[in-house]
Amino acid sequence: MSRIGAIILAAGMSKRMGQPKLLLSLKGKSLFRYPLEQAIRNHLNPICLIGGQHMQAFKMEAADLLNVDFIDNPNYEQGMSWSLKLGIEKVKERSDATFIFLADQPFVPDMVIQSMIEQFHKGARIVRPQYQGEFGHPILIDKSLYNEFLTIEGDQGGKEIIKKYKSETTILSFAESIWGMDIDTPEDYQIIKQYNYL
């Protein structure tokens, strides 16, 4: 059985929100807990949450969740690549593939995760979802790509790597655009509070 891990990127600075967005409450719990609980529910292991300036708050609010590695990113101001590399370093000896989650996407259903795992077991090196035609997260990558992710710099994720391996990427299309929504602005937050999906 494949060992599939999870890297949850939670070190962003919430500039557009104007306050720590991942600690905002949605249906009684902080935003960052949604992907964290989803990873646990789907038996992903290891699970790594990469945080920046709000790490202590994350640890306090998720103290009841077991088997989560909280990894501090001291260079969080320098962009996403640092968080990704810290996560890859943590999972690379302990997994055959890993999901890369964004911590501000509460609406991804378990069905998406399970469908992506199925595609990985069929031989895809990268699996990524599309929500109403828009590429989204989480992304599932095979361990053979880990070293390439360790070379990225600045405020970029793995776009160039994914482009490079386009022929070995499986894209799964889903009709619900809300599933891929991330929460960046106060307007986004107001929208999701009205939504009864969860």
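In this predicted model, Ser-95 is buried, its relative accessible area being 1%. That value falls under the 20% limit for burial, and therefore the residue is classed as buried rather than partly exposed. Ser-95 belongs to the loop that runs between α3 (80-91) and β6 (97-102).

The side chain of Ser-95 has polar partners. One of its polar atoms lies 2.9 Å from the backbone oxygen of Val-91. The Ser-95 side chain also makes a polar contact, at 2.7 Å, with the side chain of Tyr-146. When neighbours within four places in sequence are left aside, the residues in contact with Ser-95 are Arg-3, Gly-5, Pro-46, Lys-143 and Tyr-146. Tyr-146 thus appears both as a polar partner of the Ser-95 side chain and among the contacts of Ser-95 that lie beyond four places in sequence.

Pro-46, another of these contacts of Ser-95, leads to the backbone geometry of the model. Most residues other than glycine have a negative phi, and most peptide bonds are trans. Against that background, the bond that joins Asn-45 and Pro-46 is a cis peptide bond, with omega about 0 degrees. Pro-46 is placed in the loop between α1 (33-41) and β4 (47-51). His-43 is found in the loop between α1 and β4 as well, and has a positive phi, near 60 degrees, although it is a residue other than glycine. His-43 has a relative accessible area of 70% and is therefore counted as exposed, since the limit for that class is over 50%.

A second cis peptide bond is found between His-137 and Pro-138, again with omega about 0 degrees. Pro-138 lies in the loop that separates β8 (134-135) from β9 (139-142). Lys-27, which is not a glycine, takes a positive phi of about 55 degrees. Its place is in the loop between β2 (25-26) and β3 (29-30). With a relative accessibility of 44%, Lys-27 is partly exposed, because this value lies between the 20% and 50% limits.

The account now turns to helix α4. This helix covers residues 110-121, 12 residues in number, and reaches 17 Å from its first C-alpha to its last, close to the 16 Å expected at 1.5 Å a residue. Its buried residues are Val-112, Ile-113, Ser-115, Met-116, Ile-117, Gln-119 and Phe-120. These buried residues pack against both helical and strand elements, namely α1, β1 (4-10), β6, β7 (126-131), β9 and β10. Just after α4, Gly-123 has a positive phi of about 115 degrees.

β10, one of the packing partners of the buried α4 residues, also has a part in a pocket. The second largest pocket has a volume of about 170 Å³. Its lining consists of Arg-128, Phe-135, Lys-159, Ile-162, Lys-163, Lys-166, Thr-169 and Ile-171. The elements that contribute two or more residues to this lining are α6 (159-164) and β10 (169-174). α6 gives the largest share, three residues. By class, the lining of this pocket comprises four charged, three nonpolar and one polar residue.

Key
Residues numbered from 1 in each chain as written. Predicted model: local features only at pLDDT ≥ 70, side-chain atom pairs only at ≥ 80, totals over all residues. Heavy atoms only, no water. Helix = DSSP H or I, 4+ residues; strand = E, 2+ residues; numbered from the N terminus. Buried < 20%, exposed > 50% of the residue type's maximum accessible area, 1.4 Å probe, protein only. Polar contact = N/O pair within 3.5 Å; in protein donor to acceptor, adjacent residues only side chain to side chain. Contact = heavy atoms within 4.5 Å. 1 Å grid on protein atoms, 1.4 Å probe; cavity = no way out; pocket = protein on both sides within 12 Å on 5 of 7 lines; lining within 4 Å. Points joined across faces, edges and corners; volume = space filled by probe spheres on them. Nonpolar A, V, L, I, M, F, W, Y, C, P; charged D, E, K, R; others polar. Expected span 1.5 Å × (residues − 1).
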